[in-house]
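Q: I have a predicted model open in my viewer and would love a guided close look at one part of it. Could you start there and then lead me outward in one connected account?

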Amino acid sequence: MEVPPAYHNKDDLTATILDDAPEYPVEKGPSTSDKGDVKAAEDEAPAYRMENGPSTSDRDNLNAAEEQAPDYPVENGPPPSYDFPQTFAIGAGRTKAPLITSNQVKNHLGLLYAFATLKTRVEGINAERNEEIPFLPQDPERRWAWFVALAVERFSVWCQSLKKEDSGRRATDVLPPVDVLMVWHAYMLNPGWYHEDCTRISQLRGLKYLTTIFADSFSSELEEILTSEPTKARLDFWTTNTGRPFDPIRDAELYNTRQVFCPKCRRALPAAYMNAEGTGFFQEKFELQCPEPGCKDVPKITRQVLGARKLAEDLARTAVEDDVSPPCLAGTIRTPQNSADVARGKLVRDTVLKAAVLAMPSGGTEEWIVAILQRSKYDLNVIRASMAGKMRSGGGNLITRIMSAYQSGYIFSVELAGAVIRQGSFVKKMHDLQWTQPQFFDDKEDEVALQHSIARYHAFLDLMSASPVSFYVPTLDIDLAWHTHQLLWLTYHTDCVNYIGRYIDHDDKVEEQTLSSAFDLTCRAWKDRFNMPYTHCGCPLPGTTIGQRISRLVHNYGAQKSYLVPPAREDLLAATHPSDHNAVFVWHRKHSSENLQQRRRAKFKKRQEREARERAKGKAPELTPEERRRRDAHDVAFLVPVPLYYGYAGCAAYAGAVVYSANGYGIGGCAVVRFSYTPVEPFSLRLI
């Protein structure tokens, strides 16, 4: 990663937000009525007329909010003052204290800095080191994708080595290397899947116990651990559990193969991570053939075949190991109200097992697994169809969610390499803002930026509590606070239930058009509830044509909340840019996605023209030079998403529901970051 230039002081920071942005939505996908509202809003733009509604007063309120906001920037004035509340209203309740602290956010930013530094190191590896690291990609972007795949491999080895007794150790002694922390971090930012996996999968019980240690370190010593040399105890803990070097580059020099087990006979087969034919385990065309004579009926082993084996194992598993890990399918036991609805999971599994293809034969568990694979010809689509045939309405969104977890042989329900790549876009945003720089927020006058982010995050939670069916998109500053809260894990779950009444999941892969429309809805809902603009970064705000419809979803506080007015900090204004790192470009719908992007660019231009007409007529205040620069300094959000390449269409799950694409299949592939607008064809290196 290219490290941004140093600044002489914080006032020199620009609000430039590059158009490869980050982030996330919230829970249920838009309801039918919400989708209608969004569609109506798009149809009415850019005229922005309201037949019956307070469009004029709304615009007056918006102008008033802008006039009352501090003047930007403050070059040589006193440090910005900010009245940070100690309690916040969320729905009908009020917190006793902020749900997260500035110190926790600082430690999180320190972790993001470690990730950015690691990426710079990896991209700087000498491309001529093929003797030490076979088939090392020369392109820095592809090299990073290769490295992330290796980090997932290391995380898989480490987390399955953990034991319950490890929970009594200190963070300084048990935290893994930064590359493994990076994968763990991305996994936890899919909190619904993470919590369910730690409950459902016996091999992850040890990881569950250590999660509390990791979460607690955000309140104390995490940044110090990351900036200090690893202790001997920490090095010994890693090497004893994994047998691999602590340093990931050294690991890459020593390990270039892994074992893959035949889905039928379970023979261990060596698989190179990378090879010249492009069929290595990390590559797009990965395949192996079992040489055993009895396995001639087994097709070439691919990620899909390994995923079919994983699904067959979950279908055939009957014993409840130590009464802890329920024999349930992925995606079936967590609901917005219940973190471990085992009865629901058992009902789903018992229902689909009525399919003839999945019926239990004579013999034991292994015979049952092999029978499922042979009857289905090792084909995930056949197993899916058999399961769906026994479910109400063909399985609907639930079968989509289940199948999304079985697209490779890894035990995790999340495709972790793609999750890390998508999170990398958010890391870059924070790095570009300079917020990840060490000691950046040590001064009290600088800490107000984090306090304002935390305050806006509480307001975001309040907005969700007021409209339980809507799909809201956070800005960068809100997303930073939200990520920090999710990393506290059990605290996040408890806070969601106590203040919002349900668990708010966080999805890191949503199609760009869904995010773009939902962001417009978020801007209007925020304006309606808090009577002030949602963003201050320079993006043209959507019109007020559906104000009445939004009023049906949220209740207006009537007066501005002073703590939502941003302090006069240039970087803080830039941080209110929409967070779209989870926006994905679906390759198999390339042309329709490009057409939608062109429409959004045209819509963006019309908004700018509308604002210019209003200023010319005196209906809107003139922009200051800094406001004009912020407006012109960055592209529209949601126009440079992370591409997804896969055979299945995209699915996004949150709060127990699913936003699904045209043909309703689950996530099955991987992401490759592209920081250019023009989409590119998939290259040969594919993640796991």
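At what angle do H6 and helix H7 (residues 191-200) pack, and how far apart are their axes?

A: Happy to walk you through it. Please keep in mind that this is a predicted model.

Let's start with your pair of helices. H6 and H7 pack at an angle of about 105°, and their axes are 6 Å apart. The two helices are therefore roughly perpendicular to each other. To see the contact in your viewer, show the side chains of Trp 184, Tyr 187 and Met 188 on the H6 side, which meet Pro 191, Tyr 194 and Asp 197 of H7.

H6, which spans residues 178-188, also has helix H8 (residues 205-217) as a partner: their axes come within 13 Å and cross at roughly 95°. That crossing makes H6 roughly perpendicular to H8. Here Leu 181, Trp 184, Tyr 187 and Met 188 of H6 meet Leu 207, Leu 210, Thr 211 and Phe 214 of H8. Notice that Trp 184, Tyr 187 and Met 188 appear in the H8 contact, just as they do in the contact with H7.

Now let's step back to the whole protein. The model contains 25 helices and 10 strands. Of its 688 residues, 61% count as buried. Its accessible surface comes to about 26400 Å², with 50% of that belonging to carbon and sulfur atoms. Among contacts between residues at least 6 apart in sequence, 77% join residues at least 24 apart.

Aromatic rings make a good next stop. The structure holds 25 aromatic pairs. One of them joins Phe 155 and Trp 158 in a tilted arrangement, 6.2 Å centre to centre with 45° between the planes. Because these two residues are three apart in helix H4 (residues 140-159), they are separated by about one helical turn. Phe 155 and Trp 158 are both buried.

Phe 281 and Tyr 410 form another pair, this one edge-to-face, with 6.2 Å between centres and 75° between planes. Phe 281 lies in the loop between strand S4 (268-272) and helix H12 (303-316), while Tyr 410 lies in the loop between helix H16 (396-404) and helix H17 (416-432), so the pair ties together parts that are 129 residues apart in sequence. Both Phe 281 and Tyr 410 are buried.

Phe 281 has a charged partner too: the charged end of Arg 258 sits over its ring, 4.2 Å from the ring centre. Elsewhere, the charged end of Arg 334 sits over the ring of Tyr 503, 3.8 Å from the centre of that ring.

Arg 258 leads us on to Leu 269 in strand S4. These two residues are 11 apart along the chain, and 8.3 Å separates their C-alpha atoms. Leu 269 counts as buried because its relative accessibility is 5%, under the 20% cut-off. Leaving aside residues up to four places away in sequence, the residues that Leu 269 touches are Arg 258, Gln 259, Val 260, Leu 288, Gln 289, Cys 290, Pro 291 and Ile 301.

Just along the chain is a backbone detail worth checking. Arg 266 sits in the loop between strand S3 (257-261) and S4. Its phi is near 70°, a positive value in a residue other than glycine. Arg 266 is partly exposed, with a relative accessible area of 31%.

Tyr 378 gives you another positive phi in a residue that is not a glycine, at about 60°. Look for Tyr 378 in the loop between helix H14 (365-375) and H15. Tyr 378 is buried, at 5% relative accessibility.

A last stop is Gly 395, in the loop between helix H15 (380-388) and H16. Gly 395 is buried as well, with a relative accessible area of 8%. Its C-alpha lies 9.7 Å from that of Val 352, a residue 43 positions away in sequence.

So, back to where you asked me to begin: H6 is roughly perpendicular to H7, and H6 is also roughly perpendicular to H8.

Conventions
Residues numbered from 1 in each chain as written. Predicted model: local features only at pLDDT ≥ 70, side-chain atom pairs only at ≥ 80, totals over all residues. Heavy atoms only, no water. Phe/Tyr/Trp six-rings, centres within 6.5 Å; stacked < 30°, edge-to-face > 60°. Helix = DSSP H or I, 4+ residues; strand = E, 2+ residues; numbered from the N terminus. Buried < 20%, exposed > 50% of the residue type's maximum accessible area, 1.4 Å probe, protein only. Lys NZ or Arg CZ within 6 Å of the ring centre and 35° of its normal. Contact = heavy atoms within 4.5 Å. Areas by Shrake-Rupley, 256 points an atom, 1.4 Å probe, with all protein chains shown as cover. Axes fitted to C-alpha atoms, helices over the stretch in contact; angles between N-to-C directions. Parallel < 35°, antiparallel > 145°, perpendicular 65-115°, else oblique.
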